[in-house]
Amino acid sequence: METLRLLCDYFPTAVFTGRCLVFISEDWRVELTEHKDSDFSMAKDQPSIIRVRVFKRALNGDLIAGHYEDFQLASLGELAEQIEKYVQLAVGANLREKI
């Protein structure tokens, strides 16, 4: 959860629920969750995996799960930039302003 807390500072429009980082609008919901790699043969200093899930609101108001992508970058700045670019291309809106 430490990486998600740090990403809160980068994305001022996000809400941290204690479990995930959420961006929400009338049409979209984007969730960021943090996962630790359970492969014990890997080095201990591997960065967390941040899973970005995109949901689209249907005409009836339900959220429909779309696609997701896993990010694992050591640099917090690069991680935030790549997540921002991915979501911006997926939903067509800037995360820092609104989605």
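## Helix H1, its surroundings and the salt bridges

The elements that cover the buried residues of helix H1 include strands S1, S2, S3 and S4 and helix H2. The model is a predicted one. This report starts from H1 and moves on to the core, the strands and the charged pairs.

### Helix H1

Thr3, Leu4 and Leu7 are the buried residues of H1. These residues lie on the same side of the helix because the arc they cover around the axis is only 95°. The spacing can be set beside a general rule: an α-helix has 3.6 residues a turn, so residues three or four places apart point the same way. On the other side of H1, the exposed residues are Glu2, Arg5 and Asp9.

Leu4, a residue of H1, has a relative accessible area of 0% and is buried. What does Leu4 touch, leaving aside residues up to four places away in sequence? Its contacts are Phe16, Arg19, Cys20, Leu21, Leu32, Thr33, Glu34 and Ile50. For one of these residues, Glu34, there is also a backbone distance: the C-alpha atoms of Leu4 and Glu34 are separated by 6.7 Å, although the two residues are 30 residues apart along the chain.

Leu7 has another set of contacts. With residues up to four places away in sequence not counted, Leu7 touches Leu21, Leu32, Leu76, Leu79, Ala80 and Ile83.

### The nonpolar core

The largest nonpolar core has 20 residues, and Leu7, Phe11, Leu32, Val52, Ile83 and Val87 are the members that touch the most other members. Two or more residues of this core come from each of helix H1 (2-10), strand S2 (21-24), strand S3 (28-35), strand S4 (49-57) and helix H2 (76-91). H2 provides the largest share, 6 residues. As a general background, nonpolar side chains tend to be buried together in soluble globular proteins.

### Strand pairing

Strand S1 (residues 15-16) runs antiparallel to S2, and 2 bridges join them. In this pair, Val15 stands opposite Val22 of S2. The hairpin formed by S1 and S2 has 4 residues between the strands, and Gly18 in the turn has a positive phi of about 95°.

S2 also pairs with S3: the two run antiparallel and are joined by 4 bridges. Val22 has Glu31 as its bridge partner in S3, while Val15 is opposite Val22 in the pairing of S1 with S2. S2 and S3 form a hairpin as well, with 3 residues between them.

S3 and S4 run antiparallel and are joined by 8 bridges. Here Glu34, whose C-alpha atom is 6.7 Å from that of Leu4, stands opposite Ile50 in S4. Ile50 and Glu34 are both among the contacts of Leu4. Strand S3 is largely enclosed by the rest of the structure, because 6 of its 8 residues are buried.

### Salt bridges

How many salt bridges does a search of the whole structure find? The search finds 3, listed here with the distance between the closest N and O atoms.

| Residue | Partner | Closest N and O atoms |
|---|---|---|
| Arg29 | Glu31 | 2.8 Å |
| Glu31 | Arg53 | 3.9 Å |
| Asp70 | Arg51 | 2.7 Å |

Asp70 is in strand S5 (residues 63-71) and Arg51 is in strand S4, so their salt bridge ties together parts that are 19 residues apart in sequence. Asp70 is partly exposed at 35% relative accessible area, and Arg51 is partly exposed at 26%.

Arg29, Glu31 and Arg53 are linked in a network of salt bridges. Is Glu31 buried or exposed? Glu31 counts as buried, since its relative accessibility is 8% and the limit for a buried residue is under 20%. Arg53, by contrast, has a relative accessible area of 33% and is partly exposed. The salt bridge of Glu31 with Arg53 has its closest N and O atoms 3.9 Å apart. This pair links distant parts of the chain, with Glu31 in strand S3, Arg53 in strand S4, and their positions 22 residues apart in the sense that they are 22 residues apart.

Glu31 thus appears in two settings: as the bridge partner of Val22 in the pairing of S2 with S3, and as a member of the salt-bridge network with Arg29 and Arg53.

Conventions:
Residues are numbered from 1 along each chain as its sequence is written. This is a predicted model: local features need pLDDT of at least 70, side-chain atom pairs count only at pLDDT 80 or more; totals for chains, interfaces and linings use all residues. Side-chain values use heavy atoms; hydrogens and water are left out. A nonpolar core is a set of buried Ala, Val, Leu, Ile, Met, Phe, Trp, Tyr and Cys residues joined through side-chain atoms within 4.5 Å. Buried means under 20% relative accessible area, exposed over 50%, partly exposed in between (1.4 Å probe, protein chains only). Contact means heavy atoms within 4.5 Å. Two strands pair if DSSP finds at least two bridges between them. The arc is that of the directions from the helix axis to the C-beta atoms. A salt bridge is a side-chain nitrogen of Lys or Arg within 4 Å of a carboxyl oxygen of Asp or Glu.
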